[in-house]
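Trainee: I would like to go through this structure and ask why certain labels are used.
Mentor: Go ahead, and we will take the labels one by one.

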Amino acid sequence: MLKNIEGRQNIPVMDVLEPQLYRDVFPYEEIPKIRFNNAFVPYNLPETIWITDTTFRDGQQSMASFSVDQIVRLFKLIHKLDNGEGVIRQSEFFLYSEKDREAVRKCQELGYEFPEITSWIRADERDFKLVKEMNIAETGMLMSCSDYHIFKKLKMTRSEAMQHYLTLAMKAMEAGIKPRCHLEDITRADFYGFVVPFVKNLKRLSQETGISVKIRACDTLGVGVPYNGTELPRSVPGIVSELRNGCGLRPEEIEWHGHNDYHNVVTTSTASWLHGGASVNAALLGIGERTGNCPLEAMLFEYAQLKGSLGKVNLPVLNEIVRFFKEELSYTVDPKRPFVGSEFNMTKAGIHADGLLKDESIYNSFDTNKLLNRPVVVKVNQSSGAAGIAAWINTYYHLDTLEKVDKHDPRIATVKRWVDNTYEAGRTEAVSNAEMEQQVKKAFTTGIHQFSLVK
Ligand SMILES: CC(C)C(=O)C(=O)O
(Lines give C-alpha, C1' and ligand atoms only; values in the text may rest on other atoms or scores of the structure.)
Protein backbone atom coordinates (compact mmCIF):
# COMPACT_ATOMS: atom_id res chain seq x y z
CA MET A 1 0.00 0.00 0.00
CA LEU A 2 1.44 3.36 -1.02
CA LYS A 3 1.42 6.34 1.31
CA ASN A 4 -1.73 8.43 0.80
CA ILE A 5 -1.24 11.02 -1.92
CA GLU A 6 -2.13 13.90 0.45
CA GLY A 7 0.55 12.80 2.91
CA ARG A 8 3.28 12.54 0.27
CA GLN A 9 5.96 15.06 -0.44
CA ASN A 10 4.98 15.70 -4.03
CA ILE A 11 6.90 18.07 -6.26
CA PRO A 12 4.58 21.09 -6.23
CA VAL A 13 2.98 22.52 -9.33
CA MET A 14 3.08 26.29 -9.80
CA ASP A 15 -0.30 27.44 -8.58
CA VAL A 16 -1.60 30.63 -10.17
CA LEU A 17 -4.59 32.80 -9.34
CA GLU A 18 -5.59 33.36 -12.93
CA PRO A 19 -5.48 30.62 -15.62
CA GLN A 20 -2.58 30.84 -18.05
CA LEU A 21 -4.37 30.75 -21.40
CA TYR A 22 -1.48 32.00 -23.57
CA ARG A 23 -3.67 34.65 -25.13
CA ASP A 24 -0.65 36.09 -26.98
CA VAL A 25 -0.43 32.79 -28.87
CA PHE A 26 -4.14 31.89 -28.83
CA PRO A 27 -5.93 35.27 -29.03
CA TYR A 28 -9.19 33.43 -29.83
CA GLU A 29 -10.48 36.10 -32.16
CA GLU A 30 -7.46 35.62 -34.40
CA ILE A 31 -5.69 32.61 -35.85
CA PRO A 32 -3.17 31.21 -33.31
CA LYS A 33 0.46 32.32 -33.63
CA ILE A 34 3.62 30.24 -33.93
CA ARG A 35 6.49 31.66 -31.88
CA PHE A 36 10.11 30.76 -32.59
CA ASN A 37 12.96 30.68 -30.08
CA ASN A 38 15.55 29.05 -32.37
CA ALA A 39 16.40 26.57 -29.60
CA PHE A 40 17.12 23.60 -31.82
CA VAL A 41 16.63 20.22 -30.19
CA PRO A 42 18.70 17.33 -31.61
CA TYR A 43 16.82 14.39 -33.11
CA ASN A 44 16.67 11.36 -30.86
CA LEU A 45 14.73 8.65 -32.71
CA PRO A 46 14.30 5.63 -30.42
CA GLU A 47 15.68 2.29 -31.61
CA THR A 48 12.18 0.77 -31.52
CA ILE A 49 9.09 2.75 -32.45
CA TRP A 50 5.48 1.68 -32.94
CA ILE A 51 1.89 2.71 -33.49
CA THR A 52 -1.07 2.32 -31.16
CA ASP A 53 -4.60 2.31 -32.48
CA THR A 54 -7.57 4.38 -31.32
CA THR A 55 -10.08 3.39 -34.01
CA PHE A 56 -12.44 1.95 -31.40
CA ARG A 57 -12.10 4.86 -28.94
CA ASP A 58 -11.46 8.35 -30.36
CA GLY A 59 -12.29 7.08 -33.85
CA GLN A 60 -15.58 5.41 -33.05
CA GLN A 61 -16.80 8.26 -30.85
CA SER A 62 -16.81 10.53 -33.92
CA MET A 63 -19.11 8.15 -35.87
CA ALA A 64 -22.26 6.12 -35.41
CA SER A 65 -21.28 3.42 -32.92
CA PHE A 66 -19.96 0.14 -34.28
CA SER A 67 -21.72 -3.16 -33.63
CA VAL A 68 -19.87 -5.92 -31.79
CA ASP A 69 -19.51 -7.83 -35.04
CA GLN A 70 -18.10 -4.76 -36.82
CA ILE A 71 -15.56 -4.18 -34.03
CA VAL A 72 -14.42 -7.79 -34.16
CA ARG A 73 -14.10 -7.78 -37.96
CA LEU A 74 -12.17 -4.51 -37.95
CA PHE A 75 -9.92 -5.77 -35.18
CA LYS A 76 -9.18 -8.86 -37.29
CA LEU A 77 -8.31 -6.57 -40.22
CA ILE A 78 -5.93 -4.52 -38.07
CA HIS A 79 -4.28 -7.75 -36.95
CA LYS A 80 -4.06 -8.91 -40.57
CA LEU A 81 -2.52 -5.58 -41.57
CA ASP A 82 0.11 -5.79 -38.83
CA ASN A 83 0.68 -9.44 -39.73
CA GLY A 84 2.54 -10.32 -36.54
CA GLU A 85 5.10 -7.53 -36.89
CA GLY A 86 4.10 -5.64 -33.73
CA VAL A 87 4.27 -2.25 -35.49
CA ILE A 88 0.58 -1.80 -34.64
CA ARG A 89 1.19 -2.78 -31.06
CA GLN A 90 -1.93 -1.89 -29.09
CA SER A 91 -5.56 -0.99 -29.63
CA GLU A 92 -7.79 0.70 -27.04
CA PHE A 93 -11.39 -0.04 -26.21
CA PHE A 94 -14.21 1.51 -24.20
CA LEU A 95 -15.54 -0.59 -21.34
CA TYR A 96 -18.62 1.57 -20.65
CA SER A 97 -21.48 -0.65 -21.76
CA GLU A 98 -22.17 -4.37 -21.87
CA LYS A 99 -21.85 -4.11 -25.65
CA ASP A 100 -18.35 -2.55 -25.32
CA ARG A 101 -17.32 -5.33 -22.98
CA GLU A 102 -18.73 -8.07 -25.21
CA ALA A 103 -16.67 -6.69 -28.12
CA VAL A 104 -13.55 -6.75 -25.95
CA ARG A 105 -14.22 -10.32 -24.82
CA LYS A 106 -14.70 -11.47 -28.42
CA CYS A 107 -11.50 -9.77 -29.52
CA GLN A 108 -9.65 -11.29 -26.55
CA GLU A 109 -10.90 -14.76 -27.56
CA LEU A 110 -9.00 -14.38 -30.84
CA GLY A 111 -5.83 -14.69 -28.78
CA TYR A 112 -3.75 -12.26 -30.84
CA GLU A 113 -0.40 -11.04 -29.57
CA PHE A 114 -0.79 -7.84 -31.64
CA PRO A 115 -2.49 -5.53 -31.24
CA GLU A 116 -2.64 -5.89 -27.46
CA ILE A 117 -6.04 -4.89 -26.08
CA THR A 118 -5.99 -1.94 -23.68
CA SER A 119 -8.86 0.05 -22.25
CA TRP A 120 -10.10 3.55 -21.56
CA ILE A 121 -11.99 4.18 -18.33
CA ARG A 122 -13.69 6.91 -16.34
CA ALA A 123 -12.13 8.11 -13.08
CA ASP A 124 -14.26 5.69 -11.09
CA GLU A 125 -13.42 2.86 -8.63
CA ARG A 126 -15.84 0.48 -10.36
CA ASP A 127 -14.02 0.90 -13.64
CA PHE A 128 -10.72 -0.27 -12.11
CA LYS A 129 -12.51 -3.44 -11.02
CA LEU A 130 -13.77 -3.94 -14.57
CA VAL A 131 -10.30 -3.58 -16.05
CA LYS A 132 -8.98 -6.11 -13.57
CA GLU A 133 -11.85 -8.54 -14.10
CA MET A 134 -11.39 -8.36 -17.84
CA ASN A 135 -7.71 -9.14 -17.55
CA ILE A 136 -6.53 -5.95 -19.22
CA ALA A 137 -3.02 -4.85 -18.27
CA GLU A 138 -3.10 -1.17 -19.28
CA THR A 139 -5.80 1.46 -19.12
CA GLY A 140 -6.08 5.04 -20.31
CA MET A 141 -7.40 7.74 -17.96
CA LEU A 142 -8.17 11.37 -18.60
CA MET A 143 -5.80 13.85 -16.92
CA SER A 144 -6.42 17.19 -18.59
CA CYS A 145 -3.48 19.51 -18.06
CA SER A 146 -4.10 22.94 -19.55
CA ASP A 147 -5.66 25.73 -17.50
CA TYR A 148 -8.48 25.81 -20.07
CA HIS A 149 -9.50 22.45 -18.60
CA ILE A 150 -8.29 22.77 -15.00
CA PHE A 151 -9.82 26.19 -14.32
CA LYS A 152 -12.70 26.39 -16.77
CA LYS A 153 -13.93 22.80 -16.97
CA LEU A 154 -12.86 21.13 -13.72
CA LYS A 155 -13.04 24.37 -11.68
CA MET A 156 -9.99 23.30 -9.67
CA THR A 157 -6.62 24.76 -8.81
CA ARG A 158 -3.59 23.15 -10.41
CA SER A 159 -2.64 21.53 -7.07
CA GLU A 160 -6.12 20.07 -6.68
CA ALA A 161 -6.06 18.71 -10.22
CA MET A 162 -2.68 17.09 -9.68
CA GLN A 163 -3.78 15.51 -6.37
CA HIS A 164 -6.86 14.15 -8.08
CA TYR A 165 -4.87 12.67 -10.98
CA LEU A 166 -2.14 11.21 -8.76
CA THR A 167 -4.80 9.52 -6.60
CA LEU A 168 -6.26 8.00 -9.74
CA ALA A 169 -2.89 6.77 -10.98
CA MET A 170 -2.09 5.35 -7.56
CA LYS A 171 -5.39 3.47 -7.41
CA ALA A 172 -4.68 1.94 -10.80
CA MET A 173 -1.20 0.89 -9.69
CA GLU A 174 -2.52 -0.55 -6.43
CA ALA A 175 -4.89 -2.64 -8.51
CA GLY A 176 -1.87 -3.82 -10.51
CA ILE A 177 -2.96 -1.91 -13.65
CA LYS A 178 -0.55 0.12 -15.76
CA PRO A 179 -1.97 3.66 -16.00
CA ARG A 180 -1.78 5.44 -19.34
CA CYS A 181 -2.17 9.07 -18.36
CA HIS A 182 -3.86 11.09 -21.13
CA LEU A 183 -2.50 14.59 -20.66
CA GLU A 184 -5.30 16.29 -22.53
CA ASP A 185 -4.53 19.66 -24.16
CA ILE A 186 -0.79 19.54 -23.45
CA THR A 187 -0.12 21.92 -26.35
CA ARG A 188 -1.91 24.72 -24.45
CA ALA A 189 -0.68 23.78 -20.97
CA ASP A 190 1.86 25.51 -18.73
CA PHE A 191 4.65 23.02 -19.37
CA TYR A 192 7.07 23.92 -16.57
CA GLY A 193 4.37 25.18 -14.17
CA PHE A 194 2.18 22.06 -14.36
CA VAL A 195 3.22 19.30 -16.76
CA VAL A 196 6.82 18.79 -15.59
CA PRO A 197 6.14 18.56 -11.81
CA PHE A 198 3.07 16.40 -12.43
CA VAL A 199 4.93 13.97 -14.71
CA LYS A 200 7.86 13.78 -12.29
CA ASN A 201 5.44 12.79 -9.52
CA LEU A 202 3.89 10.13 -11.75
CA LYS A 203 7.32 8.78 -12.57
CA ARG A 204 8.14 8.60 -8.86
CA LEU A 205 4.93 6.63 -8.19
CA SER A 206 5.91 4.26 -10.94
CA GLN A 207 9.39 3.79 -9.48
CA GLU A 208 7.95 3.13 -6.02
CA THR A 209 5.40 0.59 -7.20
CA GLY A 210 7.44 -0.98 -9.95
CA ILE A 211 4.42 -0.53 -12.26
CA SER A 212 5.18 1.25 -15.47
CA VAL A 213 3.38 4.44 -16.36
CA LYS A 214 2.77 5.85 -19.82
CA ILE A 215 2.38 9.55 -20.56
CA ARG A 216 0.15 10.16 -23.54
CA ALA A 217 0.74 13.71 -24.73
CA CYS A 218 -2.58 14.76 -26.26
CA ASP A 219 -2.60 17.53 -28.83
CA THR A 220 -6.34 17.78 -28.33
CA LEU A 221 -6.99 20.71 -30.67
CA GLY A 222 -4.22 19.92 -33.15
CA VAL A 223 -2.32 23.13 -32.36
CA GLY A 224 1.03 21.38 -31.84
CA VAL A 225 3.76 22.43 -34.27
CA PRO A 226 6.33 19.96 -35.57
CA TYR A 227 9.10 22.48 -36.32
CA ASN A 228 12.30 22.61 -34.35
CA GLY A 229 13.16 25.94 -32.72
CA THR A 230 9.58 26.76 -31.67
CA GLU A 231 8.28 27.84 -28.27
CA LEU A 232 6.36 25.79 -25.76
CA PRO A 233 3.54 24.98 -25.28
CA ARG A 234 3.01 24.36 -29.02
CA SER A 235 6.42 22.87 -29.81
CA VAL A 236 6.36 19.09 -30.26
CA PRO A 237 10.19 18.88 -30.24
CA GLY A 238 10.16 20.92 -27.01
CA ILE A 239 7.46 18.83 -25.30
CA VAL A 240 8.85 15.43 -26.19
CA SER A 241 12.51 16.20 -25.57
CA GLU A 242 11.64 17.74 -22.18
CA LEU A 243 9.50 14.73 -21.23
CA ARG A 244 12.60 12.67 -21.87
CA ASN A 245 15.39 14.90 -20.60
CA GLY A 246 13.58 17.08 -18.07
CA CYS A 247 11.24 14.43 -16.60
CA GLY A 248 13.46 11.40 -17.11
CA LEU A 249 10.94 9.38 -19.11
CA ARG A 250 12.08 6.49 -21.29
CA PRO A 251 10.94 6.33 -24.95
CA GLU A 252 8.39 3.59 -24.18
CA GLU A 253 6.82 5.85 -21.54
CA ILE A 254 5.96 8.55 -24.09
CA GLU A 255 3.11 8.40 -26.58
CA TRP A 256 1.80 11.16 -28.88
CA HIS A 257 -1.89 11.60 -29.69
CA GLY A 258 -2.62 14.19 -32.34
CA HIS A 259 -5.57 15.78 -34.10
CA ASN A 260 -5.63 17.21 -37.60
CA ASP A 261 -7.18 20.65 -37.05
CA TYR A 262 -4.25 22.44 -38.74
CA HIS A 263 -3.38 19.68 -41.27
CA ASN A 264 -0.33 18.83 -39.14
CA VAL A 265 -1.28 15.56 -37.52
CA VAL A 266 1.17 13.38 -39.44
CA THR A 267 4.15 15.69 -39.07
CA THR A 268 3.52 16.33 -35.37
CA SER A 269 3.28 12.58 -34.76
CA THR A 270 6.48 11.98 -36.69
CA ALA A 271 8.17 14.82 -34.80
CA SER A 272 7.27 13.03 -31.57
CA TRP A 273 9.00 9.87 -32.82
CA LEU A 274 11.99 11.88 -34.00
CA HIS A 275 12.41 13.59 -30.64
CA GLY A 276 12.24 10.48 -28.51
CA GLY A 277 8.71 9.13 -27.96
CA ALA A 278 8.43 5.45 -28.95
CA SER A 279 4.75 5.38 -29.81
CA VAL A 280 2.22 7.41 -31.74
CA ASN A 281 -1.51 6.94 -31.44
CA ALA A 282 -3.55 6.78 -34.66
CA ALA A 283 -6.90 5.67 -36.11
CA LEU A 284 -7.68 3.86 -39.33
CA LEU A 285 -8.27 6.38 -42.15
CA GLY A 286 -7.78 9.20 -39.61
CA ILE A 287 -11.28 8.99 -38.16
CA GLY A 288 -11.75 10.87 -34.90
CA GLU A 289 -13.09 14.01 -33.27
CA ARG A 290 -13.64 17.00 -35.62
CA THR A 291 -10.91 16.83 -38.30
CA GLY A 292 -9.85 13.43 -37.03
CA ASN A 293 -6.92 11.65 -35.48
CA CYS A 294 -3.65 10.72 -37.09
CA PRO A 295 -4.31 8.28 -39.98
CA LEU A 296 -2.80 4.94 -39.01
CA GLU A 297 -1.95 4.15 -42.63
CA ALA A 298 0.04 7.40 -42.90
CA MET A 299 2.13 6.42 -39.89
CA LEU A 300 2.91 3.06 -41.51
CA PHE A 301 4.41 4.99 -44.41
CA GLU A 302 6.27 7.34 -42.03
CA TYR A 303 7.57 4.28 -40.19
CA ALA A 304 8.80 2.69 -43.40
CA GLN A 305 10.58 5.88 -44.42
CA LEU A 306 12.28 6.30 -41.05
CA LYS A 307 13.09 2.66 -40.37
CA GLY A 308 13.73 1.46 -43.91
CA SER A 309 11.18 -1.35 -43.92
CA LEU A 310 7.79 -2.40 -42.59
CA GLY A 311 8.83 -6.00 -42.17
CA LYS A 312 5.86 -8.34 -42.45
CA VAL A 313 3.19 -5.57 -42.49
CA ASN A 314 0.65 -6.50 -45.15
CA LEU A 315 -0.19 -3.14 -46.80
CA PRO A 316 -2.77 -4.40 -49.35
CA VAL A 317 -5.06 -5.11 -46.36
CA LEU A 318 -5.64 -1.34 -46.44
CA ASN A 319 -7.82 -1.92 -49.53
CA GLU A 320 -9.96 -4.37 -47.53
CA ILE A 321 -10.24 -1.81 -44.72
CA VAL A 322 -11.41 0.90 -47.14
CA ARG A 323 -14.02 -1.51 -48.53
CA PHE A 324 -15.15 -2.44 -45.04
CA PHE A 325 -15.65 1.21 -44.08
CA LYS A 326 -17.63 1.85 -47.25
CA GLU A 327 -19.80 -1.25 -47.23
CA GLU A 328 -20.26 -1.75 -43.49
CA LEU A 329 -20.04 1.73 -42.01
CA SER A 330 -21.22 3.84 -44.99
CA TYR A 331 -17.99 5.84 -44.70
CA THR A 332 -16.51 6.95 -47.98
CA VAL A 333 -12.85 7.84 -48.21
CA ASP A 334 -11.92 11.02 -50.08
CA PRO A 335 -10.75 9.82 -53.53
CA LYS A 336 -7.61 11.98 -53.21
CA ARG A 337 -6.59 10.63 -49.80
CA PRO A 338 -2.95 9.42 -49.86
CA PHE A 339 -2.43 5.65 -50.12
CA VAL A 340 -6.11 4.72 -49.70
CA GLY A 341 -8.22 7.04 -51.90
CA SER A 342 -9.55 5.62 -55.17
CA GLU A 343 -7.62 8.29 -57.10
CA PHE A 344 -4.45 8.57 -55.02
CA ASN A 345 -2.30 7.28 -57.88
CA MET A 346 -4.59 8.27 -60.74
CA THR A 347 -3.45 10.73 -63.35
CA LYS A 348 -5.64 12.76 -65.69
CA ALA A 349 -3.29 15.34 -67.15
CA GLY A 350 -1.89 14.57 -70.58
CA ILE A 351 1.66 15.58 -69.70
CA HIS A 352 1.68 13.24 -66.70
CA ALA A 353 0.24 10.43 -68.78
CA ASP A 354 2.95 11.08 -71.36
CA GLY A 355 5.54 10.55 -68.64
CA LEU A 356 3.80 7.38 -67.45
CA LEU A 357 3.93 6.04 -70.98
CA LYS A 358 7.71 6.41 -71.00
CA ASP A 359 8.36 5.11 -67.48
CA GLU A 360 5.82 4.65 -64.70
CA SER A 361 8.27 5.80 -62.03
CA ILE A 362 8.31 9.31 -63.53
CA TYR A 363 4.91 10.01 -61.95
CA ASN A 364 4.63 7.31 -59.30
CA SER A 365 7.01 7.60 -56.35
CA PHE A 366 6.99 3.85 -55.57
CA ASP A 367 5.55 0.69 -57.11
CA THR A 368 1.99 1.06 -55.84
CA ASN A 369 0.97 -2.11 -57.66
CA LYS A 370 3.58 -4.26 -55.91
CA LEU A 371 3.28 -2.74 -52.42
CA LEU A 372 -0.39 -1.84 -52.21
CA ASN A 373 -1.94 -3.88 -55.00
CA ARG A 374 -2.96 -0.56 -56.53
CA PRO A 375 -1.74 -0.21 -60.14
CA VAL A 376 -1.36 3.29 -61.54
CA VAL A 377 -4.64 4.39 -63.08
CA VAL A 378 -5.16 6.87 -65.87
CA LYS A 379 -8.47 8.67 -66.20
CA VAL A 380 -9.40 10.33 -69.45
CA ASN A 381 -10.77 13.87 -69.46
CA GLN A 382 -10.47 17.06 -71.54
CA SER A 383 -6.77 17.43 -70.59
CA SER A 384 -5.61 13.88 -71.24
CA GLY A 385 -4.69 14.23 -74.93
CA ALA A 386 -3.38 11.37 -77.05
CA ALA A 387 -0.80 10.45 -74.38
CA GLY A 388 -3.51 10.14 -71.75
CA ILE A 389 -5.62 7.90 -73.97
CA ALA A 390 -2.66 5.68 -74.82
CA ALA A 391 -1.73 5.50 -71.13
CA TRP A 392 -5.32 4.60 -70.20
CA ILE A 393 -5.28 1.69 -72.70
CA ASN A 394 -1.87 0.44 -71.56
CA THR A 395 -2.70 0.52 -67.85
CA TYR A 396 -6.35 -0.54 -68.03
CA TYR A 397 -5.59 -3.62 -70.14
CA HIS A 398 -2.24 -4.29 -68.42
CA LEU A 399 -0.45 -4.39 -71.78
CA ASP A 400 3.11 -5.59 -71.66
CA THR A 401 6.03 -3.81 -73.31
CA LEU A 402 5.51 -5.41 -76.73
CA GLU A 403 1.77 -4.82 -76.79
CA LYS A 404 1.86 -1.21 -75.58
CA VAL A 405 0.17 1.35 -77.79
CA ASP A 406 2.04 4.48 -78.78
CA LYS A 407 0.37 7.89 -78.53
CA HIS A 408 1.05 8.40 -82.29
CA ASP A 409 -0.96 5.29 -83.25
CA PRO A 410 -3.70 6.52 -85.66
CA ARG A 411 -6.34 4.57 -83.73
CA ILE A 412 -5.57 6.72 -80.70
CA ALA A 413 -6.45 9.73 -82.86
CA THR A 414 -9.86 8.12 -83.54
CA VAL A 415 -10.59 7.76 -79.83
CA LYS A 416 -9.26 11.27 -79.20
CA ARG A 417 -11.64 12.69 -81.79
CA TRP A 418 -14.55 11.13 -79.90
CA VAL A 419 -13.24 12.50 -76.56
CA ASP A 420 -12.72 16.00 -77.99
CA ASN A 421 -16.17 15.99 -79.55
CA THR A 422 -17.93 15.04 -76.31
CA TYR A 423 -16.19 17.87 -74.45
CA GLU A 424 -16.92 20.33 -77.24
CA ALA A 425 -20.57 19.30 -76.89
CA GLY A 426 -20.48 20.54 -73.28
CA ARG A 427 -19.42 17.50 -71.23
CA THR A 428 -17.68 18.32 -67.93
CA GLU A 429 -17.18 15.02 -66.06
CA ALA A 430 -14.34 12.56 -66.76
CA VAL A 431 -14.88 9.75 -69.26
CA SER A 432 -15.87 6.54 -67.53
CA ASN A 433 -13.98 3.30 -68.03
CA ALA A 434 -17.07 1.75 -69.65
CA GLU A 435 -17.22 4.53 -72.23
CA MET A 436 -13.52 4.22 -72.92
CA GLU A 437 -13.82 0.45 -73.39
CA GLN A 438 -16.56 1.02 -75.95
CA GLN A 439 -14.57 3.61 -77.93
CA VAL A 440 -11.38 1.56 -77.82
CA LYS A 441 -13.19 -1.53 -79.07
CA LYS A 442 -14.64 0.47 -81.97
CA ALA A 443 -11.33 2.03 -82.96
CA PHE A 444 -9.23 -1.09 -82.59
CA THR A 445 -11.41 -3.82 -84.18
CA THR A 446 -9.69 -3.60 -87.53
CA GLY A 447 -6.21 -3.15 -86.10
CA ILE A 448 -3.51 -5.59 -85.15
CA HIS A 449 -4.20 -5.19 -81.45
CA GLN A 450 -6.84 -7.49 -80.11
CA PHE A 451 -6.93 -6.60 -76.45
CA SER A 452 -7.18 -9.49 -74.10
CA LEU A 453 -9.69 -7.78 -71.89
CA VAL A 454 -8.09 -8.87 -68.66
CA LYS A 455 -8.36 -6.27 -65.95
C1 LIG B 1 -9.98 13.01 -24.52
C2 LIG B 1 -8.52 12.99 -24.74
C3 LIG B 1 -7.83 11.94 -23.99
C4 LIG B 1 -8.22 12.88 -26.18
O5 LIG B 1 -8.47 11.92 -26.84
C6 LIG B 1 -7.61 14.04 -26.78
O7 LIG B 1 -7.06 14.84 -26.05
O8 LIG B 1 -7.67 14.17 -28.00
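Mentor: Start with N373, which sits in the loop between α13 (368-372) and β10 (377-378). Keep in mind that this is a predicted model.

Trainee: What makes P316, N319 and T368 count as touching N373?

Mentor: Contact means heavy atoms within 4.5 Å. N373 touches P316, N319 and T368 on that basis, with residues up to four places away in sequence left out. As for K441, it is 68 residues from N373 in sequence, and the C-alpha atoms of the two are 27 Å apart.

Trainee: Now the helices. Why is α6 called roughly parallel to α7?

Mentor: Helix α6 (residues 158-174) and helix α7 (residues 191-209) pack at an angle of about 25 degrees, and their axes are 11 Å apart. Angles under 35 degrees count as roughly parallel, so α6 is roughly parallel to α7. The crossing of α6 past α7 is right-handed.

Trainee: Which residues make that contact, and how do they divide?

Mentor: On the α6 side they include R158, Y165 and M173; on the α7 side they include F194, N201 and T209. The residues of this contact divide into 12 nonpolar, four polar and one charged.

Trainee: What makes α14 roughly perpendicular to α15?

Mentor: The axes of helix α14 (residues 385-396) and helix α15 (residues 410-424) cross at roughly 110 degrees and come within 9 Å. The range for roughly perpendicular is 65 to 115 degrees, which means α14 earns that label against α15. This crossing is right-handed.

Trainee: Which residues of α14 and α15 meet there?

Mentor: G385, A386, I389, A390 and I393 of α14 make the contact with I412, V415, K416 and V419 of α15. They divide into seven nonpolar, one polar and one charged. Gly counts as polar and Lys as charged.

Trainee: Why is α9 called oblique to α10?

Mentor: Helix α9 (residues 265-274) and helix α10 (residues 296-307) have axes that cross at roughly 40 degrees and come within 11 Å. Roughly parallel needs an angle under 35 degrees, and roughly perpendicular needs 65 to 115, so α9 is oblique to α10. The crossing of α9 and α10 is right-handed. In α9, V266, S269, T270, W273 and L274 meet A298, M299, E302, Y303 and L306 of α10. This contact has seven nonpolar, two polar and one charged residue.

Trainee: How do you know that R57, T220 and H259 are around the ligand?

Mentor: A residue is near a molecule if one of its heavy atoms lies within 4 Å of it. A polar side-chain atom of R57 lies 3.1 Å from an oxygen atom of the ligand. For T220 the corresponding distance to a ligand oxygen is 2.5 Å, and for H259 it is 2.9 Å. Each value is within the cut-off. The residues around the ligand also include D58, W120, H182 and E184.

Trainee: Where are the cis peptide bonds, and what is omega in each?

Mentor: A cis bond joins F114 and P115, with omega about -10 degrees. P115 is in the loop between α3 (98-109) and β3 (116-121). A cis bond also joins L232 and P233, with omega about 10 degrees. P233 is in the loop between β6 (214-218) and α8 (236-245).

Trainee: What is notable about phi of S330?

Mentor: Phi of S330 is near 50 degrees, a positive value in a residue other than glycine. S330 lies in the loop between α11 (317-329) and β9 (346-347).

Methods. Residues numbered from 1 in each chain as written. Predicted model: local features only at pLDDT ≥ 70, side-chain atom pairs only at ≥ 80, totals over all residues. Heavy atoms only, no water. Axes fitted to C-alpha atoms, helices over the stretch in contact; angles between N-to-C directions. Helix = DSSP H or I, 4+ residues; strand = E, 2+ residues; numbered from the N terminus. Parallel < 35°, antiparallel > 145°, perpendicular 65-115°, else oblique. Left-handed = near helix turned anticlockwise from the far one by under 90°. Polar contact = N/O pair within 3.5 Å; in protein donor to acceptor, adjacent residues only side chain to side chain.
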